[in-house]
Amino acid sequence: NAAQANAMAQRLARGVADVPGVEVTDKVQANAVFAVLDPEVTGTLQRDFPFYVWNQSVGQVRWMTSWATTEKDVDAFVARIRQVAGAAPVVDAPLGV
């Protein structure tokens, strides 16, 4: 239902609030999160997570949640954002890299 979708959007926004290079640009009022990130980060994330570039001139993206989005889904996406944006170590890198 809508309450689930909205709650997951809030969870997503909170999850990325402190990630360097990620700026949530609009107050989350429903099931959409608008954020600005580096285009390279966007491209990497889009390989595994489908989402739209909302305003290409500023690097703004739109992340949507639905009634079927789970906390596990959001947490996995947030972890990947942190990893790609450089806020967390890359765990699948070869040793010594």
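This note sets out points on the core, the strands and one helix of a predicted model.

1. Basis. In this predicted model, local features need pLDDT of at least 70 and side-chain atom pairs count only at pLDDT 80 or more, whereas totals for chains, interfaces and linings use all residues. Residues are numbered from 1 along each chain as its sequence is written, and side-chain values use heavy atoms, with hydrogens and water left out.

2. Core. The largest nonpolar core (buried Ala, Val, Leu, Ile, Met, Phe, Trp, Tyr and Cys residues joined through side-chain atoms within 4.5 Å) has 20 residues. Buried means under 20% relative accessible area, with a 1.4 Å probe and protein chains only. Leu-12, Val-16, Val-22, Leu-37, Trp-63 and Ile-81 have the most contacts inside this core. Two or more residues each come from α1 (2-16), β2 (32-36), α2 (39-46), β4 (60-64) and α3 (71-85); helices (H or I, at least four residues) and strands (E, at least two) are DSSP runs numbered from the N terminus. The largest share, 5 residues, belongs to α1.

3. Strands. β2 is largely enclosed by the rest of the structure, because 4 of its 5 residues are buried. Strands pair if DSSP finds at least two bridges between them. β2 runs antiparallel to β1 (residues 23-24), with 2 bridges, and pairs with β4 in the antiparallel sense over 5 bridges. Ala-35 of β2 stands opposite Val-24 and also opposite Val-61 in β4.

4. Helix α3. The buried residues of α3 are Val-74, Phe-77, Val-78, Ile-81 and Gln-83; they pack against α1, α2 and β4, where contact means heavy atoms within 4.5 Å. Gly-86, with a positive phi near 90°, follows α3.

Terms used: Buried means under 20% relative accessible area, exposed over 50%, partly exposed in between (1.4 Å probe, protein chains only).
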